[in-house]
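User: I am new to this protein and would like to go through it step by step. Could you take my questions in turn and reason each one through?

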Amino acid sequence: MAIVLKLLSAYTMLVALLVAVKFIFAIEQPTWTVMNWLMAAAILITMAGAINCKLALEKDGDAGQDLRRSLDVNVPFYAAAALLIAFAFQWSATLNDHVQLAVMADGEEMTIGSMWAYIDTLYIIVTGMIGVRMWNGRWPGSA
């Protein structure tokens with residue numbers, strides 16, 4: 001079981017690294033269509049890891065009194081849930097559809113960016129962090 005956890009955590013960390021390199025350096029291959037499928041699988045793994053972490057905290061009887069531990073578990077959990085929701089909207093349409101941010105300037109609509117810029121940044125942080133936690137086995141209640 002430990003080897004499966006290591007493989008899943010390595011996958012999430014590698015995809016987070018690939019997204020970071022592609023996002024920062026704007027490399028052309030792999031395309032975002034391919035990347036979105038890789039990212040979707042990693043989000044499911046990340047969400048499962050965040051749920052596991054949350055369940056481990058809830059098993060510990062006095063953990064609710066410790067605000068730092070509670071935030072340490074709940075912030076990544078809700079961030080992973082937000083990522084899952086963002087991707088669920090894309091899954092219901094197409095994973096290649098990008099929500100554009102537009103402004104009106106001199107009566108013309110101009111695109112100033114994509115919501116994916118924020119989602120990609122959150123993706124890199126959350127999946128990378130949970131992937132590292134899964135790799136190290138650092139969960140509440142673990143020795």
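Analyst: The questions and answers below go from the overall fold to single residues, and the model they describe is a predicted one.

User: How many helices and strands does the protein have, and what pattern does it follow along the sequence?

Analyst: The secondary structure of this predicted model comes to four helices and two strands. When these elements are read along the sequence, the pattern they follow is α-α-α-β-β-α.

User: What share of the residues is buried, and what share of the exposed surface do carbon and sulfur atoms supply?

Analyst: The protein has 143 residues, and buried residues make up 35% of them. The protein exposes about 8700 Å², and the part of this area that carbon and sulfur atoms supply is 67%.

User: Which residues of the largest nonpolar core touch the most other members, and which element gives the largest share of this core?

Analyst: The largest nonpolar core has 24 residues, and those that touch the most other members are Met39, Phe87 and Tyr123. Two or more residues come from each of H1, H2, H3 and H4. In soluble globular proteins, nonpolar side chains tend to be buried together. The largest share of the core here is eight residues, and the element that gives it is H2.

User: Which residues does tyrosine 123 contact, leaving aside its neighbours within four places in sequence?

Analyst: Tyrosine 123 is one of the core residues that touch the most other members, and another of them, Met39, is also among its contacts. With neighbours within four places in sequence left aside, the full list for tyrosine 123 is Val15, Ala16, Val19, Met39, Ala42, Ile43, Leu83 and Gly128.

User: Is threonine 127 buried or exposed, and which backbone oxygen does its side chain reach?

Analyst: Threonine 127 is found in helix H4, and because its relative accessibility is 0%, it counts as buried. Apart from neighbours within four places in sequence, threonine 127 is in contact with Thr12, Ala16, Ala42, Thr46 and Leu83. Its side chain also reaches a backbone oxygen at 2.5 Å, and the residue that carries this oxygen is tyrosine 123.

User: How many salt bridges does the structure hold, and which residues form a salt bridge?

Analyst: The structure holds one salt bridge. In this pair the closest N and O atoms are 2.3 Å apart, and the residues that form it are aspartate 72 and arginine 133.

User: Why does this pair tie together parts that are 61 residues apart in sequence, and is each partner buried or partly exposed?

Analyst: Aspartate 72 lies in helix H3 (residues 67–92) and arginine 133 in helix H4 (residues 115–136), so the salt bridge ties together parts that are 61 residues apart in sequence. Aspartate 72 has a relative accessibility of 38% and therefore counts as partly exposed. Arginine 133, with a relative accessible area of 15%, is buried.

User: Where is tyrosine 11, and how far apart in space are tyrosine 11 and leucine 38, C-alpha to C-alpha?

Analyst: Tyrosine 11 has its place in helix H1, and with a relative accessible area of 27% it is partly exposed. Leaving aside neighbours within four places in sequence, its contacts are Leu38, Ala41, Ala42 and Ile45. Alanine 41, which has its place in helix H2, is 30 residues from tyrosine 11 in sequence and 9.2 Å from it in space, C-alpha to C-alpha. For leucine 38 the separation from tyrosine 11 is 27 residues in sequence, and the C-alpha to C-alpha distance is 9.3 Å.

User: Which residues form a nonpolar patch on the surface, and is isoleucine 24 buried or exposed?

Analyst: The patch, with about 680 Å² of accessible area together, is formed by Leu14, Leu17, Val21, Phe23, Ile24, Phe25 and Ile27. Isoleucine 24 is found in helix H1 (residues 2–25), and at 60% relative accessibility it counts as exposed.

User: What is the phi of alanine 26, and which residues does a cis peptide bond join?

Analyst: Alanine 26 is found in the loop between H1 and H2, and although it is not a glycine it has a positive phi of about 50°. Proline 30 also lies in the loop between H1 and helix H2 (32–59). The cis peptide bond has an omega of about 0°, and the residues it joins are glutamine 29 and proline 30.

Note on methods
Residues are numbered from 1 along each chain as its sequence is written. This is a predicted model: local features need pLDDT of at least 70, side-chain atom pairs count only at pLDDT 80 or more; totals for chains, interfaces and linings use all residues. Side-chain values use heavy atoms; hydrogens and water are left out. A salt bridge is a side-chain nitrogen of Lys or Arg within 4 Å of a carboxyl oxygen of Asp or Glu. Buried means under 20% relative accessible area, exposed over 50%, partly exposed in between (1.4 Å probe, protein chains only). Patches are made of residues with over 30% relative accessible area and no salt bridge: like charges are joined within 9 Å, nonpolar side chains (Val, Leu, Ile, Met, Phe, Trp, Tyr) within 5 Å. Accessible areas come from the Shrake-Rupley method with a 1.4 Å probe; for residues, only the protein chains shown count as cover. A nonpolar core is a set of buried Ala, Val, Leu, Ile, Met, Phe, Trp, Tyr and Cys residues joined through side-chain atoms within 4.5 Å. Contact means heavy atoms within 4.5 Å. A polar contact is a pair of N or O atoms within 3.5 Å; within protein, one must be able to donate a hydrogen and the other to accept it, and residues adjacent in sequence count only if both atoms are side-chain atoms.
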